[in-house]
Amino acid sequence: MKVGLFIPCYVDQFYPQIGIASLELLQKLGCEVSFPMDQTCCGQPMANSGYAHLTGGCDTNFVNNFSEFDYIVCPSGSCTLHVKDHLHSKENEAAATHIRNNVYELTEFLTDVLKVEAIEGNFPYKVGMHQSCHGQRGLKLSQMSELNAAPFSKPEQLLTKIKGLELVSLSRKDECCGFGGTFCVTEEAVSVKMGQDRIKDHEAHQVDYITGGDMSCLMHLEGILKRQKSNIKVIHIAEILNSI
Amino acid sequence: MKENTIDHSTAAATFNKDVERVNWHDETLWFVRSKRDKSAHAIPEWETLRETASNIKNNVLSNMHHYLQEFEAKAKENGIIVHWAADGDEHNKIVHSIIAKHGVTQMVKSKSMLTEECHLNEYLADNGIEVIDSDLGEFIVQLRKEPPSHIVLPAIHLKKEDVSDTFHEHLGTEKGNNNPQYLTEAARKELRDTFLTRKVALTGVNFAVAETGEFVVCTNEGNADMGAHLADVHIACMGFEKLVPERKHLGVFLRLLARSATGQPITTFSSHFKKPREGQEMHIVIVDNGRSTQLGREEFRNSLKCIRCGACMNTCPVYRRSGGHSYHNAVAGPIGSILAPNLDMKKNADLPFASTLCGSCTNVCPVKIDIHDQLYKWRQVLVKEGYTPTSKTVAMKGMSAVLANPSVFKIAGKAGRFVIKNMPFMVNNSMNAWYNQREMPTPPQESFREWYAKRQKESKDKK
Amino acid sequence: MSSRDSILNKIKSNQPSSVNELPDLSVLGLEKFDVIETYKTVLKGIGGFCEEVSSLDEVKNYIATHYPTEKRMITTISELADIAETDWTSDDPHSLQNVELAVIKAHLGVAENSGLWVTDAILGQRVSPFIPQYLAIIVNKNDIVPTMQQAYERIGDLDYGFGTFIAGPSKTADIEQSLVLGAHGARGLTVFLMG
């Protein structure tokens, strides 16, 4: 199967190791993966700021880059959700529809399409899972604590065979970290407070690492951790899954 | 209406200056959310209940014209006098005229967010009518001359020391006595006298039944009943969206309301008023005040399903860390942010942006309003209507041009790191708010696409 | 044009063009559980007291040993006339302000929330369950239904001027979320489960 790798713009430019880990992991699992060089961005920062009407050109570019693939996989829940919910193209709606129907966040691609139950790996640390909101409540990557429904978690399921990894149970399992796109600067005080509180929860459970499926959330938490000179590090789940 | 409203972001920044207090506010409301969870998880058919309530309200919104007339006809048959108010001002005038007709200058009120929305108390005060709020939380904030900060827990932003000081000043309670039992007892005595002496009582309406012309008022304290059953005149005020079609539908809503609001299985009293007491006059004021406009907004119509439980506020991580007052509206939090722009887009343009769109609110809403989706949609409307700063629009247009054009993006990316230059949260200068309390990530040696291009070239060269 | 007409016109033109169907309520409230045990547990959890009795004499004895009988008591139950007043139902409601205990009956009770349904037909006066310092309500065990769905099925299209569900004593948590019993209504509720 032909997989088009969709890398969020800030991952491309600040966390390339996540793109590399995602690529290598997918190839290990038998996918033919390419990265379309002309991709730019999914347009979410503009749309979430109320400028969805300006994303036409960006969307067309996205469609041009990804229409030929069987699947489009992205190591980010929020970017994936945005494309899934909002990608349209005046020039080629059929292609846009194909993409919307076949775009996957990395962990759900593994569990739902590749039917992988768990990945063998090595990560002997205490880890806290940060449930990014768009992935969780938007893509249904894991059960939501508000609902009276059976628990499940695709990312946590994938981690069960990682040697030495101890996943802690947080006090507030799925509270938002406060990144929220431009929210992180337009509502800086609340954004930081939310991030600090998430970190306190992980600290209380003595984690070595905070992981998750969205580097945007982790970047925000890492920014606070570094300012606090904390020993806790952040790592995207792709890197843990690609550990061996 | 205040001319210079403080926007949410500024108010929230102030709120966060007192770290201890914001922690306490956040933990207190999270605790209420937890109680709601416990209660909801104890009902196996909880999600079915939500779906049922949602569908009942969908039916109501689609048949409002019929149900309202049915309700009015039945209520009149029951001996209730029905009034219609197009806006808050007319509502206030109607209430005033009823009071004036009876030659009375004092009224006791039980909780009604609608009357907060219409600024009834101020209007009546300007016209020489004293209003006493009998819900304990409302009573406290009334003495302090502040608005309620939460639609169900009006005084949630206050500590017992604050209440003690207020009661000492106004009721003469012991200075420094913070005991909630003692303070509540003082309020009980004071308000009991109010109930026994006021000839006019005003209540809100939680639900109004089209089939029977009755309405329901839910309280834990019993204050609505104490007021109404002792008064010669009972005035009930309702937004027209409070309708339910048939009496049996109350079963669904009364199972959801208190559990969603506070985690209780039901409020202590769920009082069904159908006919006036013998010798009593009962009035209902049906209010529009922008609701019919919202009804016509296809994307936002569902916000009218709201039963005012407050669950969305309790779960909202932003509300918990900014407090109700920072939303500058009678109804705050997530639901307030999708209702308020309809009332005044200019004043409330900040509210749909006071959110990370985490979606927790949508999940706790007992009538399944798609709150976080509506927040996103309001953002589009507000930008189109011109309620965002021009500088932002210019920046966004610039960004959109680059993102549509890969070659420009790659140049921008390579030379100056497009993201760090353009993404509002990453602009790399000391004026960026990101820097206040966070470190910026360090740019790596090469970007992913540089790594990939190199690898592609290497494998091509190898062939 | 009157406000009524302008509001109704606006609603007519703004409401959705087709009517959404009402859902079927018969799928709700079907869970089977011990109705009496649940009733008792929930009532206790919300601060009410529960006494299982088999006769009104037992009710009388309980009241005599648990309430200050020298204070004013009223009732709607004629068999209790020797311990409480019965001729107050036409009095000015304000005159009931000095009542210590009111003893009334309920039509039915709801196990899931311990609520008791009363209407003006059996309240004597609307203010009677609110104004006294304490409240006692007698309900038959076989009038306890599982959920609100069954409660409204039982109520049906009964005509009343006023009715209410009473669940536990009046309460508030408005002062820093500290639960205080006895806000404006009764400070305490005792439910006599008869049968």
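# A walk through chains A, B and C

Hi everyone, let's start with a sheet in chain A: it is open, built from 4 strands in the order S8-S6-S9-S10, and the pairing is parallel. The strands at its edges are S8 (166-167) and S10 (233-236) of chain A, and each of these pairs on one side only. Please keep in mind throughout that this is a predicted model.

Let me zoom in on one edge. Strand S6 of chain A, residues 126-130, is joined to S8(A) by 2 bridges, and the two run parallel. If you'd like a pair of residues to find on your screen, take A:Val127, whose bridge partner in S8(A) is A:Leu167. There is also a helix on this sheet: H12(A) packs there and touches S6, S9 and S10 of chain A. The direction of H12(A) makes about 170° with that of S10(A).

Now let's step back to the whole of chain A. It is divided into domain 1, residues 2-113, and domain 2, residues 121-241. How far apart do the C-alpha centres of these two domains of chain A lie? The answer is 22 Å. The contact between them takes 24 residues from domain 1 of chain A and 21 residues from domain 2 of chain A. On the domain 1 side, H1, H2, H3, H5 and helix H7 (106-113) of chain A each supply at least two residues. Sorted by class, that side has 11 nonpolar, 11 polar and 2 charged residues.

While we're on H5 of chain A, which covers residues 77-86, have a look at A:Lys84, which is found in it. Is A:Lys84 buried or exposed? A:Lys84 counts as buried, because 20 other C-beta atoms lie within 10 Å. Setting aside neighbours within four places in sequence, A:Lys84 is in contact with A:Arg100 and A:Val103. You can also look for A:Thr97: it is 13 residues from A:Lys84 in sequence, and the C-alpha atoms of the two are 8.9 Å apart in space.

One more stop in chain A, this time in a loop. A:Gln206 sits between H11 and strand S9 (209-212) of chain A. Its phi is near 55°, a positive value in a residue other than glycine. A:Gln206 is exposed, because it has 11 other C-beta atoms within 10 Å.

Chain B has a residue to set beside that one. B:Lys145 is not a glycine either, yet it has a positive phi of about 60°. You'll find B:Lys145 in the loop between helix H8 (136-143) and helix H9 (160-171) of chain B. With 6 C-beta neighbours inside 10 Å, B:Lys145 therefore counts as exposed.

So where do chains A and B meet? The contact takes 63 residues from chain A and 63 residues from chain B. Several helices of chain A each supply at least two residues to the side that touches chain B, including H1 (9-14), H2 (16-28), H8 (133-138) and H11 (188-204). Which helix gives the most to that side of chain A? It's H12(A), with 7 residues. That is the helix we saw packing on the sheet. By class, this side of chain A has 31 nonpolar, 21 polar and 11 charged residues.

Let's move on into chain B. Its domain assignment gives domain 1 (43-289) and domain 2 (404-462), and the C-alpha centres of these two domains of chain B lie 56 Å apart.

Two strands of chain B deserve a visit. The first stop is S10, residues 281-287, where 6 of the 7 residues are buried. S10(B) is joined to strand S1 (residues 81-85) of chain B by 5 bridges in a parallel run, with B:His83 standing opposite B:Val285. S10(B) also pairs with strand S7 (residues 233-239) of chain B, again in the parallel sense, over 7 bridges. Here B:Ile235 stands opposite B:His283.

The other stop is S9 of chain B, residues 269-273, where 5 of the 5 residues are buried. Both faces of S9(B) are covered: B:Phe269, B:Ser271 and B:Phe273 are on one side, with B:Ser270 and B:His272 on the other. S9(B) pairs with strand S6 (residues 214-219) of chain B in the antiparallel sense over 5 bridges, and B:Cys218 has B:Ser270 as its bridge partner.

I've saved a link to another chain for the end. S9(B) is also joined by 5 bridges to strand S8 (residues 162-166) of chain C, and these two run antiparallel. In S8(C), the partner of B:Phe269 is C:Ile166. Thanks for listening!

Notes:
Residues are numbered from 1 along each chain as its sequence is written. Chains are lettered from A and ligands numbered from 1 in the order in which they are written. This is a predicted model: local features need pLDDT of at least 70, side-chain atom pairs count only at pLDDT 80 or more; totals for chains, interfaces and linings use all residues. Two residues are in contact if their C-beta atoms, placed from the backbone, lie within 7 Å. Ala, Val, Leu, Ile, Met, Phe, Trp, Tyr, Cys and Pro count as nonpolar, Asp, Glu, Lys and Arg as charged, and the others, Gly among them, as polar. Domain bounds come from an automatic or database domain assignment. A residue is buried if 20 or more other C-beta atoms lie within 10 Å of its own, exposed if 12 or fewer, and partly exposed in between; C-beta atoms are placed from the backbone. Two strands pair if DSSP finds at least two bridges between them. Axes are lines fitted to C-alpha atoms, for helices over the stretch in contact, and angles run from 0 to 180 degrees between N-to-C directions.
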